[in-house]
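Here is a short note for a colleague who has not yet looked at this structure. The points are numbered so that each can be checked on its own.

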Amino acid sequence: MTSWYRFDPAGDLILQLHVQPGARQTEVAGMHGGALKIKLAAPPVDGKANQLLEKFLAKQFSVQRKQVTLISGAHARHKLIRIQRPGADPESLLGK
């Protein structure tokens, strides 16, 4: 993947993320290698960080939480996320 996001043939958005759990606040922190870095104000325990990530992305893309799916990386910092019918341009995350 040359970019941190792409659209699949169905029009769903696929994001390549580098996640940092245990941060002071949840926010987009720019780029990390070829992935978008997101800091999460949740510990990496019992799936709390993944739950917060899904909730955060649902809000950023104006979709319901059930439209955000973790494809891979449930127990890793590098994650692939699918967002069905996103309501915002992924580039807008970098401007926030």
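**Notes on the model**

1. D46 is exposed, with a relative accessible area of 69%. Exposed here means over 50%. Please keep in mind throughout that this is a predicted model. As for its place in the chain, D46 sits in the loop between β4 and α1. Its backbone deserves a look: D46 is not a glycine, yet its phi is positive, at about 55°.

2. S62 can be read next. S62 also has a positive phi of about 55° without being a glycine. The residue belongs to the loop between α1 and β5. With a relative accessible area of 57%, S62 is exposed.

3. Q64 lies in the loop between α1 and β5. Is Q64 buried, partly exposed or exposed? Its relative accessible area is 47%, so Q64 is partly exposed, since that class runs between 20% and 50%. Q64 and E54 are ten residues apart in sequence, and their C-alpha atoms are 9.5 Å apart in space.

4. G22 is in the loop between β2 and β3. At 57% relative accessibility, G22 counts as exposed. Along the chain, G22 and A42 are 20 residues apart, while 5.1 Å separates their C-alpha atoms.

5. Strand β4 covers residues 35–39, and four of its five residues are buried, so β4 is largely enclosed by the rest of the structure. Which strands pair with β4, and in which sense? Strand β2 (residues 13–20) pairs with β4 in the parallel sense, over four bridges. Strand β3 (residues 27–32) pairs with β4 in the antiparallel sense, also over four bridges.

6. I38 gives a handle on both pairings. On the β2 side, V19 has I38 of β4 as its bridge partner. On the β3 side, V28 has I38 of β4 as its bridge partner. The strands β3 and β4 form a hairpin with two residues between them, and in this hairpin G33 takes a positive phi near 65°. As background for reading such strands, side chains in a regular strand alternate between the two faces of the sheet.

7. The largest nonpolar core has 21 residues. Within this core, L15, L17, I38, L57 and I83 have the most contacts. Two or more residues come from each of β2, β4, α1 and β6 (78–83). The largest share, five residues, is given by α1. I38 therefore appears both among the core residues with the most contacts and in the enclosed strand β4. In soluble globular proteins, nonpolar side chains tend to be buried together.

8. How many aromatic pairs does a search of the whole structure find? There are two. In one of them, the ring centres of W4 and Y5 are 4.8 Å apart and the planes stand at 70°, so this pair is edge-to-face; the cut-off for that class is over 60 degrees. Y5 and F7 form an aromatic pair that is edge-to-face as well, with 6.4 Å from centre to centre and 80° between the planes. The centre distance in this pair can be read against the limit for pairing, which is within 6.5 Å.

9. W4, Y5 and F7 make up one aromatic cluster. W4 and Y5 are both buried. For Y5 the relative accessible area is 19%, and the limit for buried is under 20%. F7, in contrast, is partly exposed, with a relative accessible area of 45%.

10. The largest pocket has a volume of about 210 Å³. Its lining is made of 15 residues, and those nearest the pocket centre are P44, A49, N50, A74 and K79. Helix α1 (residues 48–60) supplies the largest share of the lining, three residues. By type, the lining divides into eight nonpolar, three polar and four charged residues. As general background, rolling a probe the size of a water molecule over the atoms shows where empty space is left.

11. Helix α1 links two of these points. It gives the largest share of the largest nonpolar core, five residues, and the largest share of the lining of the largest pocket, three residues.

Definitions and conventions. Residues numbered from 1 in each chain as written. Heavy atoms only, no water. Phe/Tyr/Trp six-rings, centres within 6.5 Å; stacked < 30°, edge-to-face > 60°. Buried < 20%, exposed > 50% of the residue type's maximum accessible area, 1.4 Å probe, protein only. 1 Å grid on protein atoms, 1.4 Å probe; cavity = no way out; pocket = protein on both sides within 12 Å on 5 of 7 lines; lining within 4 Å. Points joined across faces, edges and corners; volume = space filled by probe spheres on them. Nonpolar A, V, L, I, M, F, W, Y, C, P; charged D, E, K, R; others polar. Pairing = 2+ DSSP bridges. Core = buried A, V, L, I, M, F, W, Y, C linked by side-chain atoms within 4.5 Å.
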